[in-house]
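Me: Please take a close look at a single part of this assembly, and then set that part beside the rest in one connected account.

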Amino acid sequence: MDAFLQRYSLQIIVWLGALSTLAIFSILYKENAFYRLFEHIFIGLATGQGIFMTVSQVLHPLWWKRMTAEGQWYWVFAFLAGMMFYFVYSRKYAWISRIIFGAFMGFTAGLTFKAFATQYVPQIAASFKPLGGPPSSARPDVTAMTVVYAVSFLVFLLPLVWAAVLGSKAARLKREAGIR
Amino acid sequence: MIILRALLNIDRRIMYGLLCLTIVVMLKWPVKQPLSTTHAVKGVYDAVEAIPHDKIAIVSIVWSSSTMAENGPQTEAIMRHLFKRGIRFAILPWDQQGATLAKDIAEKVSAEMGKTYGVDWCDWGYRPAYLYQILPALAKDIPATIKKDYRGEDVRKLPMMRGVKTIHDVGLVADITPSGTLDAWISQIQGVYKTPIVFAPTLVMVPEAYNPLDAGQIKGMLPGLPGAGQYEQMLNYVGFGQKGSGALSGSFILIIVLIILGNVGLVASRRRRPEDGGGD
Amino acid sequence: MDFILYLGKWLASPRHGLALWLLIAGGLALGVAIFLLLRATPGRYRKLIVMAVTFLAGLFYIAEFFWSGTIFGVENFLSPAVQPLGDVIMVVGSFTLLLGVVNLVAIHAKAIRAVRPGWHNSLAFFIAMVAIMAAGLIPYLQEQSGQKGSQSWTAVYQILFNGMLAPLGATMFSLVAFYIVSASYRAFRIRSGEATLMMLAAFLVMLGMVPIGIYLTHWLPETGALSNLRLERITQWILTGPNAAAQRAIAFGIAVGGLAMALRIWLSLEKGSFFDKQ
């Protein structure tokens with residue numbers, strides 16, 4: 001088997017590749033069983049590859065080996081936190097999964113503020129160009145415009161905070177008044 | 001007249017067949033066509049040329065087999081340039097398929113150019129795509145965040161990683177992607193630490209990328225397959241970027257011809273029914 | 001304070017052998033205890049817990065970013081935690097790998113059990129998934145345990161990856177090209193002034209990006225006023241001028257919307273199935 005695979009693997013790859021390509025392209029003519037079969041094989045392979053990569057490159061070296069071989073026992077808590085996601089499948093305890101989902105959403109929300117300041121504020125600054133003025137290479141140094149950034153950021157942020165607070169207040173008043 | 005009106009409703013299978021034929025013919029018998037180097041592509045070249053030899057480059061891989069026709073040649077071109085200049089680089093794959101595909105490209109190119117794993121390049125291994133959370137950690141301490149390479153070996157022990165501590169030891173990030181990961185690199189790395197970034201998106205993403213390019217947040221861009229072709233031309237080698245650009249030209253011409261035919265059919269049908277105001 | 005530091009150091013020090021497994025078991029037991037505690041939490045406090053966790057998680061990155069250097073003589077003590085936190089998020093996030101898989105497995109297992117039409121496709125799904133997993137993991141685990149990785153399994157992995165997964169993925173995505181041809185043939189019709197303008201812009205950008213378009217006007221001079229009529233120059237002008245301005249306006253709109261959304265999520269003001277349920 002070993003020798004066979006070593007000798008013919010390239011040919012097998014070429015033929016399988018051709019077959020797979022034709023199977024998927026067959027949908028362009030019309031819906032057919034050949035396409036459906038290869039579509040399912042593709043989903044299966046992509047899922048399996050995902051599990052293999054996550055286990056072999058993250059979970060085994062960065063979690064299991066650190067916890068067991070390197071003696072960092074506290075990584076067991078990462079497992080417990082990870083398992084919280086799976087409560088989503090339980091109708092009774094689904095709210096527990098919302099704790100960990102909430103944490104991840106919170107992290108992303110927090111980073112969005114940073115992203116706004118570091119990504120969009122320079123773009124806002126780059127938008128203010130003198131009409132018919134100097135070429136883009138002569139743009140002012142963006143680092144020298146920190147004050148402009150800070151002001152722009154606050155100009156954007158403050159109305160948002162205000163709108164968010166007003167929005168929730170209005171929603172509460174609506175609820176209290178029983179308006180749907 | 002009947003023929004002209006038939007142009008209004010060409011069977012989709014005929015169009016599919018024509019597209020297939022165009023691509024096959026143009027790939028099999030490529031026609032040498034000129035590729036003029038755009039400012040964006042030159043920006044990538046200059047950014048790679050400007051990397052100091054004491055710094056490494058990060059090749060961020062977010063693509064999978066779906067877009068390998070475009071992102072594969074881009075990856076190869078950037079890797080070749082880095083090898084040519086003797087800049088050490090690390091592959092950082094965020095995609096489960098891209099991890100294998102990019103490693104295969106690096107292995108092929110490094111074998112061709114006589115480079116060694118661990119000395120000239122390394123593969124940090126697949127990481128789940130929580131870029132916004134992982135990049136701030138990476139910026140502060142690269143070996144502590146990456147820890148092991150794709151083979152499970154300690155990255156600190158790789159010769160090329162000697163002296164690499166934080167993002168300040170990185171001279172360039174090349175984000176090769178068909179998705180919106182550039183925002184994470186800009187907001188968490190370039191915007192904070194001013195690390196130069198070059199961008200290699202698929203052609204369909206190009207229009208939105210002119211925004212950060214104009215703001216100076218990215219140093220340059222390889223727009224899809226033609227971008228890879230232009231870069232190959234600058235590096236004096238013929239890869240799929242140049243070969244594929246011919247097929248892309250053929251497909252675009254076909255699309256334009258079909259659109260014109262559709263409009264000819266539309267005009268013909270309008271002329272035939274002037275009493276009801278034309279149109280279809 | 002000293003005691004807390006001592007306890008922290010004691011807990012963080014690496015363990016081996018029986019002590020390690022006892023501490024892991026202790027951690028698991030603590031997890032079960034926390035679960036029991038959460039189970040017993042009255043309904044009205046549940047939302048509060050989710051809100052508090054979301055708020056604290058968001059607050060960490062916000063405070064870390066805005067607290068640059070020293071404020072009132074206090075050094076930013078959050079910055080050193082950024083790296084370990086990223087490390088933890090990477091590992092914890094990886095545990096979600098089975099979230100989607102559970103659904104897929106359940107659907108396909110049901111199809112096979114009930115012998116539904118097309119059940120053989122579901123069987124093919126399972127075979128493909130297990131095959132590539134085994135072909136990848138077996139040599140990996142062999143190498144990790146100090147043995148030589150099986151050549152046969154590696155060859156099988158190569159066959160499945162390069163012979164099937166890669167071409168299937170590429171071909172599946174390439175179907176879009178065919179649909180785009182059909183869609184643009186039908187969509188780009190001269191029905192109004194705007195539609196004509198859109199079509200012309202599409203023509204110019206398409207041509208200016210590929211060699212044939214560049215070839216069409218390559219006879220024009222490379223410098224001077226006439227050079228602006230070269231197709232690639234026109235394309236560049238469209239992309240960097242009108243396009244970039246419009247894209248930037250859209251991006252700002254999205255950014256402001258995203259910021260508002262982030263604020264609502266962070267403060268748990270967002271209404272909907274996730275936040276309203278207890």
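Reply: Of the 180 residues in chain A, 47% are buried, and this figure, like every other value here, is computed from a predicted model. The secondary structure of chain A consists of five helices and zero strands, so that reading along its sequence gives the pattern α-α-α-α-α. When contacts in chain A are restricted to residues at least 6 apart in sequence, 19% of them join residues at least 24 apart. The surface that chain A exposes comes to about 9400 Å², and carbon and sulfur atoms supply 71% of that area.

Chain C can be described in the same terms. Buried residues account for 41% of its 278 residues, and the secondary structure of chain C includes eleven helices and two strands. From the N terminus on, the elements of chain C follow the order α-α-α-β-β-α-α-α-α-α-α-α-α, in which the two strands come directly after three helices. Among contacts in chain C between residues at least 6 apart in sequence, 31% join residues at least 24 apart. As for overall dimensions, the radius of gyration of chain C is 29 Å, whereas a compact globule of 278 residues would have a value near 19 Å; along its principal axes, the C-alpha trace of chain C spans about 80 × 65 × 45 Å. The accessible surface of chain C amounts to about 14900 Å², with 74% of that area belonging to carbon and sulfur atoms. Chain C also carries 19 positive and 10 negative charges, and the mean positions of these two sets lie 16 Å apart.

Chain B contributes a sheet. Six strands of chain B form an open sheet in the order β3-β2-β1-β4-β5-β6, and the pairing within this sheet is parallel. Its edge strands are β3 (121-123) and β6 (220-221) of chain B, each of which pairs on one side only. At the β6 edge, strand β5 (residues 197-201) of chain B runs parallel to β6(B) and is joined to it by two bridges. The detail of this pairing can be followed to individual residues, since B:F199 has B:M221, in β6(B), as its bridge partner.

Definitions and conventions:
Residues are numbered from 1 along each chain as its sequence is written. Chains are lettered from A and ligands numbered from 1 in the order in which they are written. This is a predicted model: local features need pLDDT of at least 70, side-chain atom pairs count only at pLDDT 80 or more; totals for chains, interfaces and linings use all residues. Side-chain values use heavy atoms; hydrogens and water are left out. Two strands pair if DSSP finds at least two bridges between them. Helices (H or I, at least four residues) and strands (E, at least two) are DSSP runs, numbered from the N terminus. The radius of gyration is taken over C-alpha atoms; the globule rule is 2.2 Å times the number of residues to the power 0.38. Buried means under 20% relative accessible area, exposed over 50%, partly exposed in between (1.4 Å probe, protein chains only). Contact means heavy atoms within 4.5 Å. Accessible areas come from the Shrake-Rupley method with a 1.4 Å probe; for residues, only the protein chains shown count as cover. Lys and Arg count as positive and Asp and Glu as negative; His and the chain ends are not counted. The place of a charge is taken as NZ of Lys, CZ of Arg, CG of Asp or CD of Glu.
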